[in-house]
Amino acid sequence: MSVVKTVSGNGIPLVGNDIDTDRIIPARFLRCVTFDGLGEHAFADDRKGLEGKHSFDQPQYQNASILVVNRNFGCGSSREHAPQALAKWGIKAVVGESFAEIFFGNCVAIGVPCVTADSETVQKLQKTLTDNPQANITVDLEAMKVECGDFSASVNMVEGAKNMFVSGTWDACGQLVSNAEKVKETAAKLPYVSWNAA
C-alpha cells in the first residue's frame, strides 16, 4: 500500500477559473496506448498561445510538484488523461478553490490528492509562488492544512478520499496485488471461475 500523508515541494501557480480537461491535455494527444509522454503535452495549446510565458514553460517552475489553481479546475470532459498528464509532468498534489467531481476522482485513483481552500488562501499561495518560485509548500492530509513559508491555512477534502490517502487504500490495483492470496482463495470458491463448457 502506498500511503500519502504529506506532499512537499515547490509550487506552481496557474491562475484562472474553469480550466477544463481539454485545456489540460488537448484531444489530439489522447491516442497514446499508455500515459507515458503525456506530461510534455500538458496545456499544449495554452502554452503555444502564450509563447513561453505559461507557468509550465517558465524555468523557475520546472521542478514544481504542487499545483495551485482556482475555481472549478478540471471541468469539461471526463478524460482520465488530464490528471495523468499533470502527474507525468511532475505534479504530486493540487490545491484549489474547487474541482470538477470526475477530475477529482481520477486524481484519487492515481494517488494525486486535490485539496480545497478558500479563495483568499489560494490567491495568497499563487502570489507567494509568483514572487518567490522557490518557496516550499507542504500539503498535510492528516492536519488538513497547507503551509508555504510562514503562511499556514486549513484545507479540505471529503473524508472518504482523505482516509483512502492516509491509509493507502486509494491504490485499487495495489490492494489486489497485496491481497493476491485472498483473491485466489475467493476465486477458487466461485463455481463459474473453473466452469468447463464440455
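**Close-up 1. A seven-stranded open sheet in a predicted model.** Read across this sheet and the strand order is E4-E3-E2-E1-E5-E6-E7, with mixed pairing. The edges belong to strand E4 (114-116) and strand E7 (151-154), each of which pairs on one side only. On average, neighbouring strands are turned by 25 degrees against each other, direction ignored. Helix H5 (residues 119-131) packs on this sheet, where it touches E1, strand E2 (66-68), strand E3 (93-96), E5, strand E6 (145-148) and E7. Against the direction of E1, that of H5 makes about 70 degrees.

**Close-up 2. Where E1 meets E5.** Here strand E1 (residues 6-13) runs antiparallel to strand E5 (residues 136-140), and five bridges join the two. To find your way in, start at Thr6: its bridge partner in E5 is Asp140.

**Close-up 3. E3, with a parallel neighbour in E2 and another in E4.** E2 and E3 run parallel and are joined by three bridges; look for Leu67, which stands opposite Val94 in E3. Getting from E2 to E3, the chain goes through H3, and this β-α-β crossover is right-handed. E3 and E4 also run parallel, again with three bridges between them, and here Val94 stands opposite Cys114 in E4. The chain passes through H4 on its way from E3 to E4, in another β-α-β crossover that is right-handed.

**Close-up 4. The two covered faces of E3.** In a regular strand, side chains alternate between the two faces of the sheet. For E3, Ala93 and Val95 are on one side, with Val94 and Gly96 on the other. Is this quartet buried or exposed? All four are buried, and both faces of the strand are covered.

**Close-up 5. Helix H4 and what its buried residues pack against.** The buried residues of H4 are Phe103, Phe104, Asn106, Cys107 and Val108. They pack against helix H1 (21-24), helix H3 (81-89), E4 and helix H6 (159-167). Ala109 is also found in H4, which spans residues 101-109. At 49% relative accessibility, Ala109 counts as partly exposed, because "exposed" would take a value over 50%. From Ala109 to Lys88 it is 21 residues in sequence and 14 Å in space, C-alpha to C-alpha. Just after H4, watch for Gly111, with its positive phi of about 80 degrees.

**Close-up 6. Phe103 and its two ring partners, Phe73 and Phe99.** Four aromatic pairs occur in the structure. In one of them, Phe73 and Phe103 meet edge-to-face, with 5.3 Å from centre to centre and 85 degrees between the planes. Phe73 comes from the loop between E2 and H3 while Phe103 belongs to helix H4, so this pair ties together parts that are 30 residues apart in sequence. Phe103 also pairs with Phe99: the ring centres are 6.4 Å apart and the planes lie at 15 degrees, so this pair is stacked. Phe73 is buried, Phe99 is buried with a relative accessible area of 13%, and Phe103 is buried with 2%.

**Close-up 7. An aromatic cluster.** Which residues make up this one? Phe43, Phe56 and Trp89 do, forming one cluster.

Conventions:
Residues are numbered from 1 along each chain as its sequence is written. Side-chain values use heavy atoms; hydrogens and water are left out. Two strands pair if DSSP finds at least two bridges between them. Axes are lines fitted to C-alpha atoms, for helices over the stretch in contact, and angles run from 0 to 180 degrees between N-to-C directions. Contact means heavy atoms within 4.5 Å. Buried means under 20% relative accessible area, exposed over 50%, partly exposed in between (1.4 Å probe, protein chains only). Rings of Phe, Tyr and Trp (its six-membered ring) pair if their centres lie within 6.5 Å; planes under 30 degrees apart count as stacked, over 60 as edge-to-face and the rest as tilted. A crossover is right-handed if, with the strands pointing away from the viewer, the path from the first strand over the helix to the second runs clockwise.
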